[in-house]
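Q: I would like to learn how to read a protein-DNA model feature by feature. Could we go through one together, with the general idea given wherever there is one?

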Number of protein chains: 2
Amino acid sequence: MRKTKQRQVVLDIVRSTDAHPTADWVYEQARKVIPNISLGTVYRLLGRLQEEGLVVQLEAGSRKSRFDGQPGPHQHIVCERCGRIADVPDVVDRAATERIEQLTGYRVSTHRVEWFGLCPKCQE
Amino acid sequence: MRKTKQRQVVLDIVRSTDAHPTADWVYEQARKVIPNISLGTVYRLLGRLQEEGLVVQLEAGSRKSRFDGQPGPHQHIVCERCGRIADVPDVVDRAATERIEQLTGYRVSTHRVEWFGLCPKCQE
DNA sequence: ATGAGAATAGTATTCGTTCCTATTTTCACA
DNA sequence: TGTGAAAATAGGAACGAATACTATTCTCAT
């Protein structure tokens, strides 16, 4: 792993804010320092930084939406190897929701818990 | 809202499985019944069925990934109006994880809680 | 029966992201 | 301090899930 100016700039930018920026926002900021930096470089660096644990990527996962024909209060667990999705009961109670509302000032309307792991078949 | 064959077929398909199918899987199944059904129709119907509460869409939200330069155990709350994201502490304890493992047979490696609501600014 | 408008089929388009490759840059080692 | 091999980048092409567009078909209240 080599120390490049691009890498340092991208890391500084993503660390400089708590606004959870998008890749293209990081790209725009980076261009102020390195005008001809490439968007592909930003994507590659963000991915690499994530592998190293310096950055967390939200809403990643498979980019395909999946649909559930059994609506109702339940959550999901996704197999990290084969993508199989199973239903699980919700573990978040009313007290937790109220705590979040008080801490953030947000008015909570809903929440979603996603679990990740290995399904029984993929555990071998 | 009109009763069309396409609508009924898509609803039957998405209700017939608990595998949380993708839109193109639903499309392939639907083509076995209506060979010239359009993929756009499948997308539109799934969206409409979701609005009616008959179907739940997973992993939806903005299609852009967002990045967090402050790694560490915390979760997020997303404003449904302006997209603002704030950090919140995790509310899932060890006992809940064990319960999920026993219920599903999955080996849990991580989880993610996403809260949705209105940020203070958007509550007016 | 019929006509207005809702829904569809087929296709083009959008846009976030990834891939490709010639060129540049970094850094271990002489 | 040079030098060369490997790694990283810039720029642009390609990909793919999802959406937009529009002429045509279908539904259903009357």
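Q: Which atom lies 2.2 Å from an N or O atom in the side chain of B:Arg44?

A: In this predicted model, the partner of the B:Arg44 side chain is a phosphate oxygen of DNA strand C, at 2.2 Å. A phosphate oxygen of DNA strand C also lies 3.4 Å from an N or O atom in the side chain of B:Arg48, whereas B:Asn36 uses a backbone N or O atom, 3.0 Å from a phosphate oxygen of the strand. The elements that give two or more residues to the surface near DNA strand C are H3 of chain A and H3 of chain B, and the largest share, 4 residues, comes from H3(B).

Q: How many residues surround DNA strand C, and which are the closest?

A: There are 19 residues around DNA strand C, and the closest are A:Tyr43, B:Arg2, B:Thr41, B:Arg44 and B:Ser65. Of the atoms of DNA strand C that come within 4 Å of the protein, sugar and phosphate account for 75%. Sorted by class, the surface near DNA strand C holds 5 nonpolar, 6 polar and 8 charged residues.

Q: Which residues come nearest to DNA strand D?

A: Around DNA strand D there are 18 residues, of which A:Asn36, A:Thr41, A:Arg44, A:Ser65 and B:Tyr43 come nearest. For the atoms of DNA strand D within 4 Å of the protein, 78% belong to sugar or phosphate and the rest to bases. A polar side-chain atom of A:Arg44 lies 2.2 Å from a phosphate oxygen of DNA strand D, and the side chain of A:Thr41 has an N or O atom 2.6 Å from a phosphate oxygen of that strand. For A:Thr4, the corresponding distance between a side-chain N or O atom and a phosphate oxygen of DNA strand D is 3.0 Å. Helix H3 (residues 39-51) of chain A gives the largest share of this surface, 4 residues, and the residues near DNA strand D divide into 4 nonpolar, 6 polar and 8 charged.

Q: How should I read the side of a helix, and which residues of helix H1 of chain B are buried?

A: An α-helix has 3.6 residues a turn, so residues three or four places apart point the same way. In helix H1 (residues 5-15) of chain B, the buried residues are B:Arg7, B:Val9, B:Val10, B:Leu11, B:Ile13 and B:Val14. What covers the buried residues of H1(B) includes helix H2 (23-33) and helix H3 (39-51) of chain B, together with strand S2 (66-68) of chain A.

Q: What is the phi of A:His20, and is the residue buried or exposed?

A: Most residues other than glycine have a negative phi, and most peptide bonds are trans. A:His20, however, has a positive phi of about 55 degrees although it is not a glycine; the residue lies in the loop between helix H1 (5-15) and helix H2 (23-33) of chain A. A:His20 counts as buried because its relative accessible area is 2%, and the cut-off for that word is under 20%. In chain B, B:His20 likewise has a positive phi, near 55 degrees, and its place is in the loop between H1 and H2 of chain B. B:His20 is also buried, with a relative accessible area of 2%.

Q: In which sense do strand S5 of chain A and strand S5 of chain B pair?

A: Strand S5 (residues 107-118) of chain A and strand S5 (residues 107-118) of chain B pair in the antiparallel sense, over 11 bridges, and A:Val113 stands opposite B:Val113 in S5(B). Within chain B, strand S3 (residues 75-79) pairs with S5(B) in the parallel sense over 4 bridges, where B:Cys79 stands opposite B:Gly117.

Q: Where does B:Glu80 lie, and which residues does it touch?

A: B:Glu80 lies in the loop between S3 and strand S4 (85-88) of chain B. Not counting residues up to four places away in sequence, B:Glu80 touches A:Ser109, A:Thr110, B:Phe116 and B:Gly117. B:Glu80 is classed as partly exposed because its relative accessible area is 47%. B:Cys82 is also placed in the loop between S3 and S4 of chain B and is partly exposed, with a relative accessible area of 41%. With the same sequence neighbours left out, B:Cys82 touches B:Cys119 and B:Cys122.

How values were computed:
Residues numbered from 1 in each chain as written. Chains lettered and ligands numbered in written order. Predicted model: local features only at pLDDT ≥ 70, side-chain atom pairs only at ≥ 80, totals over all residues. Heavy atoms only, no water. Pairing = 2+ DSSP bridges. Near = heavy atom within 4 Å. Polar contact = N/O pair within 3.5 Å; in protein donor to acceptor, adjacent residues only side chain to side chain. Nonpolar A, V, L, I, M, F, W, Y, C, P; charged D, E, K, R; others polar. Buried < 20%, exposed > 50% of the residue type's maximum accessible area, 1.4 Å probe, protein only. Contact = heavy atoms within 4.5 Å.
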